[in-house]
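Open the model in your viewer and keep the selection panel to hand. This tour says what to pick next and what is there.

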Amino acid sequence: MKLALVADIHGNFVSLKAVINDLKTQAIDRVVCLGDVVAFGPQPSECVRALRDLGSFNILGNTDDWVLGDHPFSISEGSSPINAERMDWCQDQLRQSDIDFINSFEPMLSINLNGDLRLLAFHGSPSSYNDIIFPTIEDEQLLKYLSDFDAQFFTGGHTHIRMLRQLLGKTFINPGSVGLPFLTSPMDDPWKMGPFAEYATLEVTKLRSKYEFVQVPIDVDDVIDSAAKSDFPYSEKWIEGWRLGVDAIEGA
Amino acid sequence: MSLSFALIADIHGNAVALDAVATDIKLENVDRVLCLGDAVAFGPEPRKSLEIMRNLQCNVVVGNTDEWVISPPSVKSKRGKSRAKAQQLIWCHEQLSTDDIEYLQDFKPTQTIDIGSNRTLVGFHGSPKSSNDVILSTTSVGEFKEMISDLHADVFACGHTHLSMLRRHRSSLVVNPGSVGLPVDRLAREDSKQLLLPYAEYAIIHSDEETFSIEFRQVMLDIEAILESGEKSDFPHKKRWMDGWRLLLDSIKAS
């Protein structure tokens with residue numbers, strides 16, 4: 001069985017389309033989406049509907065859960081209103097059927113790969129969609145998250161930073177981000193996104209395992225255009241992130 | 001144009017494992033194989049390993065243990081583990097022909113490869129500065145920068161740690177394909193047990209104008225064949241090596 005692992009689409013439909021087109025060139029049996037599908041991007045409803053058409057297994061991300069209910073941001077409390085306005089706007093874009101679909105996302109899934117090999121899929125960590133597993137995490141800390149689970153492969157998103165780590169017979173994969181592939185850190189302000197969409201595939205048979213980290217080029221002008229045409233709040237800040245990413249790469 | 005490159009590292013004279021990987025690579029029609037060093041030392045079949053590498057027409061970077069095999073240390077005034085290690089290196093050197101040694105001497109400290117579509121790969125064993133440097137997932141950005149200094153590449157590929165790894169450094173990717181011949185588990189090793197993994201590790205980079213990907217592969221090993229190659233070899237102090245593979249075989253049989 002060959003799985004595609006996609007994560008952190010964040011309402012970027014241009015990038016999601018690029019990934020879906022690339023997936024068509026491969027014999028993928030099932031897409032596993034690791035959450036954060038709609039929030040903080042210009043085309044949330046398009047992303048939900050494309051995902052529904054894919055028939056993917058879906059994991060609930062922290063921002064998906066915020067879309068379903070209360071989000072932690074406030075416009076009135078004086079802090080940056082950006083996230084609050086973007087969350088409210090995102091909720092307004094979605095139809096009831098979109099909300100129902102997001103409501104069906106699972107906190108965690110255990111997927112049978114081959115024989116007794118299993119993949120555990122989650123957004124942040126098996127304990128919480130808010131947990132952060134950065135590529136530099138200490139082995140002992142990562143093991144704390146994974147050791148209770150009888151699986152050989154683990155996959156999570158949330159950080160938007162690709163990573164691969166092996167310890168005690170367990171392989172952890174973060175496929176990176178489809179819609180907001182941060183070049184350095186999600187803590188950067190402003191964000192810097194690379195001009196590509198990231199995903200991974202996983203194929204396990206008795207004789208060999210393969211996992212591939214794929215980077216699909218995107219047309220940054222199309223991405224910027226999708227935001228410019230949308231009434232997505234603070235789209236200029238989002239657009240700036242894509243421009244800064246291109247500048248960072250060209251200046252490298 | 002679509003190009004693909006196989007990355008292999010840390011073979012350590014395990015020809016059974018290298019043969020399994022070479023078979024897997026041949027199915028893929030890769031354009032080039034890059035070996036990231038540590039080809040022959042501390043395993044039972046150094047000559048056969050080099051023969052397979054030559055058949056693969058590898059570009060090779062030099063590993064710390066390759067340098068030791070070229071000029072093995074003297075056993076004089078060495079005791080215990082370091083004496084055993086020196087004896088293994090001397091044995092390894094003795095197994096190799098003059099041609100083999102010249103082949104090792106030809107290994108480069110770094111290899112820069114044009115991987116197509118305006119992308120460049122720089123390969124090295126430890127770091128560009130030293131085959132003894134260690135780059136781990138947990139190596140700080142500052143330390144990494146120091147080791148890379150002013151080199152630019154789309155992919156930095158290293159070996160040495162025997163741990164497969166992918167991380168980003170700005171817009172570059174940093175890859176370690178893991179080990180072909182001694183795939184180890186870092187945590188288990190720190191418990192003073194040499195816990196090996198049941199598969200040989202390597203990676204393939206696919207590069208075309210559209211997509212760019214790094215694929216990690218785990219090829220299941222015939223552990224009984226590995227043990228047999230060890231039995232047949234007269235490499236000194238092989239007990240530790242044999243025990244590692246036996247422990248793995250036992251743990252697989254038990255589960």
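Select residues 110-116 and 119-124 of chain B. These are strands E4(B) and E5(B), and they pair in the antiparallel sense over six bridges. Bear in mind that this is a predicted model. Now pick Gly116(B): its bridge partner in E5(B) is Arg119(B). What sits between the two strands of the hairpin? Two residues do, and Ser117(B) takes a positive phi near 50°.

**The sheet across both chains**

Next, show the strands of chain A and chain B together. Ten of them form an open sheet with mixed pairing. Trace the order from one side to the other: E3(A)-E2(A)-E1(A)-E9(A)-E10(A)-E10(B)-E9(B)-E1(B)-E2(B)-E3(B). In that order, E10(A) is followed by E10(B). Which strands lie at the edges? They are E3(A), residues 57-58, and E3(B), residues 59-60, and each pairs on one side only.

Zoom in on one pair in chain B. Select residues 3-8 for E1(B) and residues 32-35 for E2(B). The two strands run in the parallel sense, with four bridges. Click Ala6(B), then find its bridge partner, Val33(B), in E2(B). While you are here, look along a strand: in a regular strand, side chains alternate between the two faces of the sheet.

**The interface**

Colour the two chains separately and show their contacts. On one side are 37 residues of chain A, and on the other 33 residues of chain B. How much area is buried between the chains? About 2900 Å², with carbon and sulfur atoms giving 50%. In chain A, select Leu164(A), Gln166(A) and Arg208(A), which lose the most area to chain B. Together they make up 18% of what that side buries.

**A helix pair in chain B**

Select H1(B), residues 15-26, and H2(B), residues 46-55. Their axes come within 9 Å and cross at roughly 15°. An angle under 35 degrees counts as roughly parallel, so H1(B) is roughly parallel to H2(B). The crossing is left-handed. Show side chains for Ala15(B), Leu18(B), Asp19(B) and Ala22(B) in H1(B). They meet Lys48(B), Ser49(B), Ile52(B) and Met53(B) in H2(B). By class, the contact has five nonpolar, one polar and two charged residues.

**Two helix pairs in chain A**

Go to H2(A), residues 44-54, and H5(A), residues 96-103. Here the axes come within 10 Å and cross at roughly 60°. H2(A) and H5(A) are therefore oblique to each other. Their crossing is left-handed. From H2(A), pick Ser45(A), Val48(A), Arg49(A), Leu51(A) and Arg52(A). From H5(A), add Ser97(A), Asp98(A), Phe101(A) and Ile102(A) to complete the contact. This set divides into four nonpolar, two polar and three charged residues.

For the last stop, select H7(A), residues 220-228, and H8(A), residues 235-250. Their axes come within 9 Å and cross at roughly 170°. That makes H7(A) roughly antiparallel to H8(A). Which residues of H7(A) meet H8(A)? Show Val220(A), Val223(A), Ile224(A), Ser226(A), Ala227(A) and Ala228(A). Opposite them in H8(A), show Ser235(A), Trp238(A), Ile239(A), Trp242(A), Arg243(A) and Val246(A). This contact has nine nonpolar, two polar and one charged residues.

Notes: Residues are numbered from 1 along each chain as its sequence is written. Chains are lettered from A and ligands numbered from 1 in the order in which they are written. This is a predicted model: local features need pLDDT of at least 70, side-chain atom pairs count only at pLDDT 80 or more; totals for chains, interfaces and linings use all residues. Side-chain values use heavy atoms; hydrogens and water are left out. Axes are lines fitted to C-alpha atoms, for helices over the stretch in contact, and angles run from 0 to 180 degrees between N-to-C directions. Angles under 35 degrees count as roughly parallel, over 145 as roughly antiparallel, 65 to 115 as roughly perpendicular and the rest as oblique. A crossing is left-handed if the near helix is turned anticlockwise from the far one by less than a right angle, and right-handed if clockwise. Contact means heavy atoms within 4.5 Å. Ala, Val, Leu, Ile, Met, Phe, Trp, Tyr, Cys and Pro count as nonpolar, Asp, Glu, Lys and Arg as charged, and the others, Gly among them, as polar. Two strands pair if DSSP finds at least two bridges between them. Buried area is the accessible area (1.4 Å probe) that two parts lose on being put together, summed over both.
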